[in-house]
Amino acid sequence: MKRGDTFIFVVTVTQSGAAFNLTGCTVRMTAKWNLTDVDASAVFTRTSPSTGIALTDAAGGIATVTLAPANTSSLPGNPVSLYYDIQV
């Protein structure tokens, strides 16, 4: 990923091997330079339902995360790797 990229990916949340029903839940994604960085130091954060995460099949545990160019604008121009996590 690099500055100005658009990145879209789908996640399926499971619990004990079965889809976790996301109905009524908030899903949050953070991207960090280091695995040990605290959430407050995240390069960017996306949250459902209004800032980049859509619950595309809430009952099936499926969410779509969209990173727009504005979200990646602070990244360097060369490709970099970030750690990310999904929290429910």
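## Strand E4 and its partners

Let's start in the sheet: E4 pairs with strand E8 (residues 83-87) in the antiparallel sense, over 5 bridges. Strands here are DSSP runs (E, at least two residues) numbered from the N terminus, and two of them pair if DSSP finds at least two bridges between them. Within this pairing, Arg 28 stands opposite Gln 87 of E8. The model is predicted, so local features need pLDDT of at least 70 and side-chain atom pairs count only at pLDDT 80 or more, while totals for chains, interfaces and linings use all residues. Residues are numbered from 1 along each chain as its sequence is written, and side-chain values use heavy atoms, leaving out hydrogens and water.

E4 also pairs with strand E5 (residues 44-47), again in the antiparallel sense, over 4 bridges. There, Ala 31 has Phe 44 as its bridge partner. Because 4 of the 5 residues of E4 are buried (under 20% relative accessible area, 1.4 Å probe, protein chains only), the strand is largely enclosed by the rest of the structure.

## The nonpolar core

The largest nonpolar core (buried Ala, Val, Leu, Ile, Met, Phe, Trp, Tyr and Cys residues joined through side-chain atoms within 4.5 Å) has 16 residues. Leu 22, Met 29, Phe 44, Ile 53 and Val 65 have the most contacts inside it. Strands E1 (7-12), E4 (28-32) and E7 (62-67) each supply at least two core residues, and E7 gives the most, with 3.

## A buried loop residue

Leu 75 lies in the loop between E7 and E8, and its 1% relative accessibility is why it counts as buried. Beyond neighbours within four places in sequence, its contacts (heavy atoms within 4.5 Å) include Met 1, Trp 33 and Leu 82.

Conventions. Buried < 20%, exposed > 50% of the residue type's maximum accessible area, 1.4 Å probe, protein only.
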